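Visitor: I should like to take a close look at the cysteines of this structure and at the surroundings in which they are found. Please guide me through that part step by step.

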Amino acid sequence: MTFAPSAAQSHSAAVEHERSEVVRLHARRSGPNVGSRERGASLLGGAALLALGAARRGWLGVALGALGTALALRGASGRCPVYRSLGIDANAGGGIDRELEFARATTVCAPHDVVRGFFTNPTAFAHAARFLEIEPIGADCWEVSARLPGGARHSWEIELAEEGNRIEWRAGAGAPFEHVVRVELVPAPADRGTEVVATVSATPPGGLAGLALGRWLHGVLERGLGVQLANVKQLIETGEIARAEAPAGQRSAVRRAAGRMFAGEEATS
Amino acid sequence: MKAVCWYGKHEVRVEDVPDPEIVNPRDAIVRVTSTAICGSDLHLYGHFIPTMQKGDVLGHEFMGEVVEVGPSVGNLAVGDRVVVPFPIACGACWFCKRQLYSCCDNSNPNAYMAEALFGHSPAGIFGYSHLMGGYAGGQAEYVRVPFADVGPLKVDGGLSDEQVLFLSDILPTGWMAAEFCDIEPGDTIAVWGCGPVGQFAIRAAILMGAGRVIAIDRFAERLALARKHGAEPLHYEEVEVLDALRDLTGGRGPDACIDAVGLEAHGGMLSAYDEVATRTFMETDRPNALRQAILACRKGGTVSLAGVYGGFVDKLPLGAAVNKSLQLRMGQTHVHRYMRPLLERIERGEIDATDIITHRLPLAEAAHAYEIFQRKQEECIKVVLSPPGARGEGA
Ligand SMILES: NC(=O)c1ccc[n+]([C@@H]2O[C@H](COP(=O)([O-])OP(=O)(O)OC[C@H]3O[C@@H](n4cnc5c(N)ncnc54)[C@H](O)[C@@H]3O)[C@@H](O)[C@H]2O)c1
Ligand SMILES: [Zn+2]
Ligand SMILES: [Zn+2]
């Protein structure tokens, strides 16, 4: 039996690259991340603290015991949550990884040109990213402003670049932190339309604490990106963003906020 | 306006809530003239479906009169009489284009919740938890209908509300369940559950050419109605269902089995297990009818699920399904696909959907209606509720 070369094989190098990026950005983050020497030290140190703790009475003893246990477990398993939150993988010889990166993809049932047109049109784009206002201030430069809680407003510049089937937005002057958003448009099979693969890389503000917080929120950020993509998809496919409005049940303030963040819902009474 | 609101397990209240408004350009507002309680509503009433909030407006089987349309709704006008399908579908996404309307990509504002539970989000559904969109339902005086240019089916005044109301859900649902069975002349179809969905599955199977239909339930009035429409009744508390089905079919087993019961199935060999497992959250659904359907089905046959499952099941005889080469087909009904052809059958007099209705009550008596339907008291098979001001209309 012979096989005809599949459509996947005929994809461009850019698509190949995008797919390997997706796999990289979805790497499991639960493997060992402590180097072998340090594991030994952690195990021994932990055991010593545990012994010290056992010899003491009162809260100090308990605290030493707990710390010792945590260190010993860290040594035995090779997994360190602090390292994880800072993106350190000692086995890969790495230091602190200050970049937060995540990816999401969607398929828009529309031709390439329509999808591209949407992403490069500031008005359309602003319609999808509902918490932002966007003004074009140059050929490839937008001014973006976000409404902050309490009515304040923060504005910064974003530079737009297009190369092949990729569109890239890079934070410029005044941005609260460095970030790049990339979108790769890939033709979807048969009549499915256009795949949109979005990746974000950002250097969060607030030093190590900001970084740790960002990593901790990884899943939430990823989901938020997914919601933004869904908004784009809905606007292109249906001309509106689906919303469930009152009358509905008694939603808590937290749920309302989550609804706004994830579903792009307006506040409901 | 008045609306039926969910307040927790076995508690609904008819309350005053704000009137709905047009939110998106493709919305319409419908003044409800008739609305029904569905077996699916009982899963909410029994609190089997997560993400309900106190005060949520229930109801996904309803019809009425258009009173307001959004600027992008070109095909409806104020005054039109419409039946509204229970899944909300955009009509434009890849799934809608393939007529997989209950899989619409664009109608669940809370897709992120469903994605966490199901991997992907199905269509939004009226009055069916926040997981399914958080839309207010149609057991109310008024309801907002999103994508109103796609779903609502116009019906003229010649037919009564009761004749067409069930196009919104249970008639297409029974129909799709039978269609999944790819019935060939002479086939024997077994149907678990003789509620409204089972009743319509039975009638659809016969219209599609089934040789025999065997109907399984434990309520005499439901079995009697099934018999009236050509099914052979089996009372599952009085008969060993698996043994009887095998030997009623010459040892082969039914060619296809329809589960029209769903996640609250009653009884069975593992019922004590299911009781413990659901209470300890090891499983959320009790798949007893489904287990039997898989075991009963003939080799190479089809098990069709109309019954709703929401979460996880346990002790499912997957080994039997694999080793007997069964085909399992399921889904929330793609109602839009079936509404017009079924309306035509109603107009031609081939289907009369009205004889399943046992109770006609004002919306204000919804709490009582839920209670008797849930407990299968007063020989209740189907309740139709009329909002105030709509009594007797269109009938
Ligand atoms: N797929 C869909 O889109 C869709 C649409 C509507 C309803 N449904 C589902 O269909 C199911 C039935 O709905 P309904 O309105 O007919 O509800 P219903 O509660 O009136 O009917 C269920 C029937 O199943 C019977 N039953 C319970 N345990 C049984 C068992 N072990 N064996 C045989 N029969 C058993 C009950 O006695 C009852 O008569 C529900 O799960 C509902 O959610 C699905
Ligand atoms: Zn229903
Ligand atoms: Zn759709």
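Guide: In this predicted model, Cys96(B) is buried, its relative accessible area being 2%. Cys257(B) is likewise a buried residue, with a relative accessible area of 0%. For Cys257(B), the closest cysteine sulfur belongs to Cys297(B), at 4.2 Å, and that is too far for a bond. The reasoning rests on a cut-off, because a disulfide requires two cysteine sulfur atoms within 2.5 Å. A disulfide is a covalent bond that links the sulfur atoms of two cysteines. When the whole structure is searched, zero disulfides are found over all chains.

Another cysteine takes part in a metal site. The zinc ion (ligand 2) has as its protein donors Cys38(B) through SG, His60(B) through NE2 and Asp169(B) through OD, at 1.7 to 2.2 Å from the ion. Along the chain, these donors follow the spacing C-x21-H-x108-D. Cys38(B) is placed in the loop between strand 3 (28-36) and helix 1 (39-45) of chain B, while His60(B) belongs to the loop between helix 1 and strand 4 (61-69) of chain B; the pair therefore ties together parts that are 22 residues apart in sequence. Cys38(B) counts as buried, at 3% relative accessibility, and His60(B) counts as buried at 2%.

Chain B also contains an open sheet of six strands, in the order 12-11-10-13-14-15, with parallel pairing. Its edge strands are strand 12 (232-235) and strand 15 (327-330) of chain B, each of which pairs on one side only. On average, and with direction ignored, neighbouring strands of this sheet are turned by 20° against each other. Within the sheet, strand 10 (residues 188-192) and strand 11 (residues 212-217) of chain B run parallel and are joined by five bridges. One of the residues involved is Thr188(B), whose bridge partner in strand 11 of chain B is Arg212(B). Helix 8 (residues 241-248) of chain B lies across strand 10, strand 11 and strand 12 of chain B, and this helix runs at about 170° to strand 11.

A cysteine of chain A appears in a further setting, around Arg74(A). Arg74(A) is part of helix 3 (residues 58-77) of chain A and is buried, with a relative accessible area of 14%. Leaving aside neighbours within four places in sequence, the residues in contact with Arg74(A) include Cys80(A), Val34(A) and Tyr83(A). The side chain of Arg74(A) forms a polar contact of 2.7 Å with that of Glu38(A) and one of 3.2 Å with that of Ser42(A).

Technical notes:
Residues are numbered from 1 along each chain as its sequence is written. Chains are lettered from A and ligands numbered from 1 in the order in which they are written. This is a predicted model: local features need pLDDT of at least 70, side-chain atom pairs count only at pLDDT 80 or more; totals for chains, interfaces and linings use all residues. Side-chain values use heavy atoms; hydrogens and water are left out. Buried means under 20% relative accessible area, exposed over 50%, partly exposed in between (1.4 Å probe, protein chains only). Donors are N, O and S atoms within 2.8 Å of the metal (3.2 Å for Na, K and Ca); water is not among the atoms, so sites may look incomplete. Helices (H or I, at least four residues) and strands (E, at least two) are DSSP runs, numbered from the N terminus. Two strands pair if DSSP finds at least two bridges between them. Axes are lines fitted to C-alpha atoms, for helices over the stretch in contact, and angles run from 0 to 180 degrees between N-to-C directions. Contact means heavy atoms within 4.5 Å. A polar contact is a pair of N or O atoms within 3.5 Å; within protein, one must be able to donate a hydrogen and the other to accept it, and residues adjacent in sequence count only if both atoms are side-chain atoms.
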